[in-house]
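Here's an informal tour of one protein model, written for someone who'd rather be at the bench. Have a look at the picture first, then read on.

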Amino acid sequence: GQSWEIIPASIDDIVVLSAYTGDTYTSLTVGALMANITDYQNKYVQLDNVSVAWHYADYLFSVTDSTTSLEITAFVDYDANVSAGFKVGDKISVRGWVTFYDENTNGIPDDGEWEIKIRALSSDYGLTPDDLAGGF
């Protein structure tokens, strides 16, 4: 087959219409996040050095810290930047998008739960201290 390639005559011919600079994350404790969760809906948060409270799989777990008895679920997109093989009690740092998940399969609206979505193809992550330090 045939393909086309567009090559500018020089870099002077390139006009940047917009530039993606990455997401801006608000660094919080789990307690501060949960106390004001609606303020952070659809925003990006960072939870540093929190504890894994529940672990179904590396793509679905919850975290907490010493500031609260509450937990927040983390749901991980396929191929997102997340450590493998961590377990309950391990320390992890999380970056992601706060959302209210309600699949509404039972006919009761708004009975879902808050979660942090760790997205693929983003600067989100769920990393253990070793992986965060570059020990991949």
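## Phe 75 and its patch

Phe 75 counts as partly exposed, because its relative accessibility is 30% and the partly exposed class runs from 20% to 50%. You'll find Phe 75 in strand E4, which covers residues 72-76. Keep in mind that this is a predicted model.

Which residues join Phe 75 in a nonpolar patch on the surface? They are Trp 54, Tyr 56 and Tyr 59, and together with Phe 75 the patch has about 430 Å² of accessible area.

## How sure is the predictor?

Averaged over the protein chain, pLDDT comes out at 88, and 87% of the residues score at least 70. Among the chain's elements, helix H1 (residues 30-35) has the highest mean pLDDT, at 98. Helix H2 (residues 129-132) has the lowest, at 91. A general caution goes with any such model: where pLDDT is low, don't read the predicted coordinates in detail.

## Salt bridges across the chain

How many salt bridges does a search of the whole structure find? The count is four. As a reminder, side chains of opposite charge can pair when their charged atoms come close.

Take Asp 77 and Lys 117, whose closest N and O atoms are 3.1 Å apart. Asp 77 sits in the loop between E4 and strand E5 (91-101), while Lys 117 belongs to strand E6 (residues 113-118), so this pair ties together parts that are 40 residues apart in sequence. Lys 117 is partly exposed, since its relative accessibility is 23%.

## Two more pairs to click on

Next up is the salt bridge between Lys 87 and Asp 90, at 3.5 Å from N to O. Is Lys 87 buried or exposed? Lys 87 is exposed, because its relative accessible area is 53% and the exposed class starts over 50%. Its partner Asp 90 has a relative accessible area of 22%, so Asp 90 is partly exposed.

Then there's Arg 119 with Asp 124, a salt bridge with an N to O distance of 2.7 Å. Both partners fall under the 20% cut-off for buried: Arg 119 has 17% relative accessibility, and Asp 124 has 1%. This pair also has company, as salt bridges with shared partners join Asp 23, Arg 119 and Asp 124 into one network.

Technical notes
Residues numbered from 1 in each chain as written. Predicted model: local features only at pLDDT ≥ 70, side-chain atom pairs only at ≥ 80, totals over all residues. Heavy atoms only, no water. Patch = residues over 30% accessible without salt bridge, like charges linked within 9 Å, V, L, I, M, F, W, Y side chains within 5 Å. Areas by Shrake-Rupley, 256 points an atom, 1.4 Å probe, with all protein chains shown as cover. Salt bridge = Lys/Arg side-chain N within 4 Å of Asp/Glu carboxyl O. Helix = DSSP H or I, 4+ residues; strand = E, 2+ residues; numbered from the N terminus. Buried < 20%, exposed > 50% of the residue type's maximum accessible area, 1.4 Å probe, protein only. pLDDT = per-residue confidence, 0-100.
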